[in-house]
Amino acid sequence: MSSLFLRTLRDDPADAEVASHRLLARAGYIRRAAPGGFTWLPLGFRVFRNVERIIREEMDAMGAQEVHFPSLLPKEPYEATGRWTEYGDNLFRLKDRRGVDHLLGPTHEEMFTLLVKDLYSSYKDLPLSLYQIQTKFRDEARPRAGLLRGREFTMKDSYSFDVDDAGLDKSYAAHRDAYIKIFDRLGLEYAIVSAMSGAMGGSRSEEFLHPTAIGEDTFVRSPGGYAANVEAVTTVVPDEISLEGLPEAHVEDTPDTPTIETLVAVAEQLFPDAGYTAASTLKNVVVTLVHPDGTREPLVIGLPGNREVDAKRLEAQVAPAEVEPFTEFDKHPALVKGYIGPQVLGSESESGIRFLVDPRVVSGSRWITGANAPGKHVFDLVAGRDFTWDGVIEAAEVLAGDPAPDGSGPLELARGVEMGHIFQLGRKYAEALDLKVLDENGKLVTVTMGSYGIGVSRAVAAIAESTHDELGLVWPREVAPADVHVVATGKDAAIFEAAESLAQELVGQGLTVLYDDRPKVSPGVKFKDAELLGMPTIVTVGRGLADGVLELRDRRTGEREEIPVGDAAARVVAAVRC
């Protein structure tokens, strides 16, 4: 450590929002280079490479082959798939000196597809799985949480190529099994949840989420084993109700009721025996969709008043369009702010404004909703009789206690960080880029693909986030930058000689050793640094040497024991390899 490029910090960085960012910076593992971009320092890069090693070993074991693409990519393939436009502002675009458009790769589906197209042409060449570990770039509007949400990050992305859907199922299963082995070896708790494919396209999609309170993803799980990203949850649709015998709709004066809470209070006064709640109301929320070509479209979403629109669920449903708040009420006089009702909505209505409803709005359901006039609401407005809609949308927030779509019990909500995502892409990219092979009958068929990603740099942060304690980092042994941290304390030359001898003996046994040989640093500072740096095993050579003992400590459990100097190396090796 006397020559290691390392400076530990006593205070947290001012811009650090989460524990992993604070500790990785304080321990000298990373250094901020720019917003959303970090420099890996020697100890941090060792952890990073250990994560890479584990991923490579498991990808190689499943039969995938490693390649490496450039980060600077041509525009044309991304134009062919539509993603040059669909990625919007998240894409780093640039021109070379000849004015030709390029991009910094956010992901490489197009390039993998073209590579296979260039070299393979027969079903005999398939199945094939290729992967790379590569730097990716996305122009995050608000990079945050250190390595968890950056503008530059490292990802392992792999792609499978099969001649048919049965082959894709096998490739997908092989990758899924490999991911389970990878995250088990990384020591990360994870939940495998159903997910939306989003801009990636395709059919089946699952995320590997690390449960943590700081996670940006909300997911749900049920006692019966259902698990899904909240964006992918489907609503249990109630049965339709017969229209016969339902009361007629009636408009009531409801002054000063622009919110659901004020409306319910007035409804209770008007009809105290009706049992009205927020769920009895139909809230009509207006948003603006901004399509990739710049077209702006107002959209109204009707949902029960006890729920809010979930921004992520909505964005997943309308992608690649982006969602903005609606402000142009003056251009749409039919929309009376605070009192919007579905009677004037729909693409076939006079307003022409598209109207989508929550799946709970079924034919025969009765609602309190806006009467399209200030201070007035309509009661007993019946869906399918008094109003219609253009379609159904899963945009309402999911609430704890909602039934699981598969009937496996009530849902509970949790937060997590996305560590991996696997997709059955199908033929989206192969069709766009004309990747075909001759099948066994000599007929050209379009190849079917899968895509599989793991955040490498994000995994480092997630491990730090999940294993630290109040003293510092606590690395799992598979990813720690060193197996053992040998600490020499005191001024006696014999202590340093014994520590040096032990360190050399451990290295000879195949262990990686971090040796604190700093001669003029107090024991207190050395102990604090050892706890902050987080090696799984710490050996202290100090005052006990006079009695022929050293201290062996497990960083995770805090357990300490004195061990004889004579068999110290064997005891340490046994502790490391147990």
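## Close-up views of a predicted model

Buried residues make up 52% of the 578 residues in this chain. What you are looking at is a predicted model, and the legends below start with the whole chain before zooming in.

**Figure 1. The whole chain, with its 13 helices and 29 strands.** To get your bearings, picture the C-alpha atoms filling a box of roughly 95 × 70 × 50 Å along the principal axes. Take the contacts with a separation of 6 or more: 68% of them are between residues 24 or more positions apart. On the outside, the accessible surface comes to about 26,200 Å², and carbon and sulfur atoms hold 49% of it. As for charge, there are 62 positive and 90 negative side chains, and the centres of these two sets sit 7 Å apart.

**Figure 2. G420, a buried glycine in strand β21.** Strand β21 runs over residues 412-426, and G420 is part of it. G420 has a relative accessible area of just 1%, so it counts as buried. Leaving aside residues up to four places away in sequence, G420 touches Y179, F183, E206, E207, F208, G453 and I454. For a sense of distance, try E17: it is 403 residues from G420 in sequence, and their C-alpha atoms are 23 Å apart in space.

**Figure 3. H421 and its polar partners.** H421 also lies in strand β21. With a relative accessibility of 10%, which is under the 20% cut-off, H421 counts as buried. Its side chain makes a polar contact of 2.7 Å with the side chain of S205. Another polar contact, at 3.1 Å, links the side chains of H421 and E418. Not counting residues up to four places away, the residues that H421 touches include Y179, A195, M196, S205 and E206. Also on that list are E207, S451, Y452 and G453.

**Figure 4. A salt bridge inside helix α2, between R56 and E52.** Side chains of opposite charge can pair when their charged atoms come close. Across the whole structure, a search finds 46 salt bridges, and here is one of them: R56 with E52, where the closest N and O atoms are 3.8 Å apart. Both residues sit in helix α2 (residues 42-61), four residues apart, or about one turn of the helix. Is each partner buried or partly exposed? R56 is partly exposed at 26% relative accessibility, while E52 is buried at 13%.

**Figure 5. D101 and K75, a buried salt-bridge pair.** The closest N and O atoms of D101 and K75 are 3.3 Å apart. D101 belongs to strand β6 (residues 101-104) and K75 to the loop between β4 (72-74) and α3 (76-81), so this pair ties together parts that are 26 residues apart in sequence. Both D101 and K75 are buried.

**Figure 6. D469 and R555, a salt bridge between two loops.** Here the closest N and O atoms of D469 and R555 are 2.7 Å apart. D469 is in the loop between α10 (456-467) and β25 (484-488), and R555 is in the loop between β28 (549-554) and β29 (560-564), so the pair ties together parts that are 86 residues apart in sequence. D469 is partly exposed, at 24% relative accessibility, whereas R555 is buried, at 3%. Elsewhere, salt bridges with shared partners join R10, D516, R518, K526 and D529 into one network.

Note on methods: Residues are numbered from 1 along each chain as its sequence is written. This is a predicted model: local features need pLDDT of at least 70, side-chain atom pairs count only at pLDDT 80 or more; totals for chains, interfaces and linings use all residues. Side-chain values use heavy atoms; hydrogens and water are left out. Buried means under 20% relative accessible area, exposed over 50%, partly exposed in between (1.4 Å probe, protein chains only). Contact means heavy atoms within 4.5 Å. Accessible areas come from the Shrake-Rupley method with a 1.4 Å probe; for residues, only the protein chains shown count as cover. Lys and Arg count as positive and Asp and Glu as negative; His and the chain ends are not counted. The place of a charge is taken as NZ of Lys, CZ of Arg, CG of Asp or CD of Glu. A polar contact is a pair of N or O atoms within 3.5 Å; within protein, one must be able to donate a hydrogen and the other to accept it, and residues adjacent in sequence count only if both atoms are side-chain atoms. A salt bridge is a side-chain nitrogen of Lys or Arg within 4 Å of a carboxyl oxygen of Asp or Glu.
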